[in-house]
Amino acid sequence: WDRAGTAFAWGHGGGGRLGLGRSEHRRSPMRIDALDGEVVCNISCGASFTVFATATRTLEVASATPPASRQVAAALWACGGNRYGQLGVGSNDF
């Protein structure tokens, strides 16, 4: 992802693992349109799936010296294969 929190993906796209809405392979980075308006703060990839954490809010950390702010994951987004329930959606449907 870039400094603005925009997510990009490329590589083997089988099973929708790149989050681009199709299963085609990509040789160069493509912006993930499904995450428009979200600020991606972390990404984790498995063999056939990807999980994105988005931060759309900032919390003030009062206990820090000096006080600081921190982005907190507001949502998790997952795409790709789900044969073993790895997407965390409550089933193993594809």
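Analyst: Accessible areas here come from the Shrake-Rupley method with a 1.4 Å probe, and for residues only the protein chains shown count as cover. On that basis the chain exposes about 6400 Å², of which carbon and sulfur atoms supply 52%. The model is a predicted one, in which local features need pLDDT of at least 70 and side-chain atom pairs count only at pLDDT 80 or more, while totals for chains, interfaces and linings use all residues. Residues are numbered from 1 along each chain as its sequence is written, and side-chain values use heavy atoms, with hydrogens and water left out.

User: How many helices and strands does the chain have, and how are they identified?

Analyst: Both are DSSP runs numbered from the N terminus: a helix is H or I over at least four residues, and a strand is E over at least two. The chain has 0 helices and 5 strands, which gives the order β-β-β-β-β from the N terminus on. Strand E4 spans residues 49–61 and includes Thr54; Thr50 and Val51 also lie in strand E4. Strand E5 covers residues 68–80, and Leu76 is placed there.

User: Why is Thr54 called buried?

Analyst: A residue is buried under 20% relative accessible area, exposed over 50% and partly exposed in between, with a 1.4 Å probe and protein chains only. Thr54 has 0% relative accessibility and therefore counts as buried. By this rule, buried residues make up 26% of the 94 residues in the chain.

User: How are Thr50, Val51 and Leu76 classed, and why?

Analyst: Thr50, at 9%, is buried. Val51 has a relative accessible area of 22% and is therefore partly exposed. Leu76, at 65% relative accessibility, counts as exposed.

User: What makes the pairings of Thr54 with Glu38 and Trp77 polar contacts?

Analyst: A polar contact is a pair of N or O atoms within 3.5 Å; within protein, one must be able to donate a hydrogen and the other to accept it, and residues adjacent in sequence count only if both atoms are side-chain atoms. The side chains of Thr54 and Glu38 are joined at 3.2 Å, and the side chains of Thr54 and Trp77 at 3.5 Å. Both pairs thus meet the criterion.

User: Which residues are in contact with Val51, Thr50 and Leu76?

Analyst: Contact means heavy atoms within 4.5 Å. Leaving aside neighbours within four places in sequence, Val51 is in contact with Asn42, Ile43, Ser44, Leu76, Trp77 and Ala78. With the same exclusion, Thr50 touches residues including Arg17, Cys45 and Cys79, and Leu76 is in contact with Val51, Phe52 and Ala53. The C-alpha atoms of Leu76 and Thr54, 22 residues apart in sequence, are 6.4 Å apart in space. Across the chain, residues 24 or more positions apart account for 32% of the contacts with a separation of 6 or more.

User: How many salt bridges are there, and what makes them salt bridges?

Analyst: A salt bridge is a side-chain nitrogen of Lys or Arg within 4 Å of a carboxyl oxygen of Asp or Glu. A search of the whole structure finds 2. Asp33 and Arg31 have their closest N and O atoms 3.2 Å apart, and the side chains of Asp36 and Arg31 meet at 2.4 Å, N to O. Shared partners join Arg31, Asp33 and Asp36 into one network. Arg31 is partly exposed, at 39%, as is Asp36, at 49%.

User: Why is Cys79 not in a disulfide?

Analyst: A disulfide is a pair of cysteine sulfur atoms within 2.5 Å. The sulfur of Cys79 is 8.4 Å from the closest cysteine sulfur, in Cys45, and is therefore too far for a bond. By this rule the count is 0 disulfides.

User: Which residues make up the largest nonpolar core, and what qualifies Cys79 for it?

Analyst: A nonpolar core is a set of buried Ala, Val, Leu, Ile, Met, Phe, Trp, Tyr and Cys residues joined through side-chain atoms within 4.5 Å. The largest has 9 residues: Ala7, Ala9, Leu18, Leu20, Ile32, Leu35, Val40, Phe52 and Cys79. Cys79 is buried, at 13%. Cys41, by contrast, is partly exposed, at 27%. Among the residues touched by Ala7 are Ile32, Leu35, Val40 and Phe52.
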